[in-house]
Structures are given as C-alpha cells and as structure tokens.
Amino acid sequence: MTAAHPFRLGRKQYSLGKNRNYQYVYRKGKSFPSRYMVLVYTNAKTLRVGFSASSKVGNAVMRNRLRRYMREDFRMIRPNLKEGKYIFVARVSAAGASHATLTGQMRSLVARAGLLKEEK
C-alpha cells in the first residue's frame, strides 16, 4: 500500500458518516451562516466533515457540483483546521455562485468561527 497524497481528502477517513452523527452536530453544534453556505460545528477529538445540499438548491447535477466544490475547498484548508465535526450546508443562492466565490466564503466562515489553528 502506498502513502496517501498529503492533500487527498480521504473520504472515509474524514467522513462524518451516518445520519445520527449529522443529527448530533445539528443538535449540539454552533451555526455560522453566510450568504452561500452555513457552517455547523461542534468540538470533537478527531476531524470529521459532512457536506449537504437540499433539493431546494437545484437538480442533482447542481447539488453534486456544489458538494464537489465544498469538498475541494475543505481539502485545501484541512491542514489549518482545528479538530472537530463540521457540516457545510449549501444554500439556494449557492447555485448561482462561482467556485471562487464559494472558496472565499468557506475560508471566511471558518476564520469567523475561530476554527483555524494558531500560527507557531
């Protein structure tokens, strides 16, 4: 088995997994809204993440595209994040936004929530 690429997301490794885990984060977590997405976060010992886009956002192609964009953006900021359980929820307005806009929105959400590791 070869070593994983350092920027690879590792879907199973970082996945929030089952519905009960999502429900736990929604119930116990803090919410940070923005124009195109909402971040729901709770403390945990490991880093886990989930991505969501309801059927109100658009057709299946659009929802999957938004989740792919969010996964890619998360993959890039993952080394700088604190441990915890994260859920990124796409809003209806995200369907008309560019990938660059969504990237900036995710970075600002995480920074505003204070979830970035401190520089040494």
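Two strands count as paired if DSSP finds at least two bridges between them. With that criterion in hand, select strands S3 and S4, which pair in the parallel sense over seven bridges. Within this pairing, Arg-48 stands opposite Lys-85 in S4. The model on display is a predicted one.

**The whole chain**

Before following the strands further, display the complete chain. Four helices and four strands are present, and from the N terminus on the elements run α-α-β-β-β-α-β-α. Colouring by burial would mark 40% of the 120 residues as buried. The accessible surface comes to about 7600 Å², and carbon and sulfur atoms account for 51% of that area. A contact map is also instructive: among contacts between residues at least 6 apart in sequence, 80% join residues at least 24 apart.

**Strands S3 and S2**

Return to S3, residues 47-53. Five of its seven residues are buried, so the strand is largely enclosed by the rest of the structure.

Next, select S2, residues 37-42. Here six of the six residues are buried, so S2 too is largely enclosed by the rest of the structure. In a regular strand the side chains alternate between the two faces of the sheet. Which residues of S2 are buried on each side? Met-37, Leu-39 and Tyr-41 lie on one side, while Val-38, Val-40 and Thr-42 lie on the other, and both faces are covered.

Add S1, residues 30-33, to the selection. S1 and S2 pair in the antiparallel sense over four bridges, and a hairpin of three residues joins S1 to S2. One residue pair to label is Ser-31, which stands opposite Val-40 in S2. Then bring S4 back into view: six bridges join S2 to S4, and these two strands run antiparallel. In S4, Lys-85 is the bridge partner of Thr-42.

**Lys-85 in strand S4**

Centre the view on Lys-85, found in S4, residues 84-90. What is the nearest side chain of opposite charge to this lysine, and how far away is it? It is Glu-83, at 11 Å; Lys-85 is buried yet has no salt bridge. The cut-off for a salt bridge is a side-chain nitrogen of Lys or Arg within 4 Å of a carboxyl oxygen of Asp or Glu. Show the surroundings of Lys-85 next: leaving out residues up to four places away in sequence, Lys-85 touches Leu-16, Tyr-24, Val-25, Val-40, Tyr-41, Thr-42, Ala-44 and Arg-48.

**Val-25 in helix H2**

One of those contacts leads to Val-25, in helix H2, residues 19-28. Its relative accessible area is 0%, and Val-25 is therefore buried. Apart from neighbours within four places in sequence, Val-25 is in contact with Leu-16, Val-40, Tyr-41, Thr-42, Lys-85 and Ile-87. For a distance check, draw a line from the C-alpha of Val-25 to that of Gly-84: the two residues are 59 apart in sequence and 9.9 Å apart in space.

**Helix H3 and its salt bridge**

Select H3, residues 60-77. At 1.5 Å a residue, its 18 residues should span 26 Å, and the end C-alpha atoms are 26 Å apart, which agrees. Buried positions in H3 include Met-62, Leu-66, Met-70, Phe-74 and Ile-77, and also the charged residues Arg-63, Arg-71, Asp-73 and Arg-75.

Side chains of opposite charge can pair when their charged atoms come close. How many salt bridges does a search of the whole structure find? The search finds one. Show the side chains of Glu-72 and Arg-75, which meet in a salt bridge at 2.6 Å, N to O. Both residues lie in H3, three residues apart, about one turn of the helix. Glu-72 counts as partly exposed because its relative accessibility is 31%, whereas Arg-75, at 19%, counts as buried.

**Helix H4 and the segment after it**

Move on to Gln-105 in helix H4. With a relative accessibility of 14%, Gln-105 counts as buried. Not counting residues up to four places away in sequence, Gln-105 touches Ser-34, Arg-35, Tyr-36 and Met-37.

The last stop is Glu-118, in the segment after H4 (99-112). Is Glu-118 buried or exposed? At 60% relative accessibility, Glu-118 counts as exposed. Finally, select Asn-80 as well: the C-alpha atoms of Glu-118 and Asn-80 are separated by 8.4 Å, although the residues are 38 apart along the chain.

Note on methods:
Residues are numbered from 1 along each chain as its sequence is written. This is a predicted model: local features need pLDDT of at least 70, side-chain atom pairs count only at pLDDT 80 or more; totals for chains, interfaces and linings use all residues. Side-chain values use heavy atoms; hydrogens and water are left out. The expected span of a helix is 1.5 Å times one less than its number of residues. Buried means under 20% relative accessible area, exposed over 50%, partly exposed in between (1.4 Å probe, protein chains only). Contact means heavy atoms within 4.5 Å. Accessible areas come from the Shrake-Rupley method with a 1.4 Å probe; for residues, only the protein chains shown count as cover.
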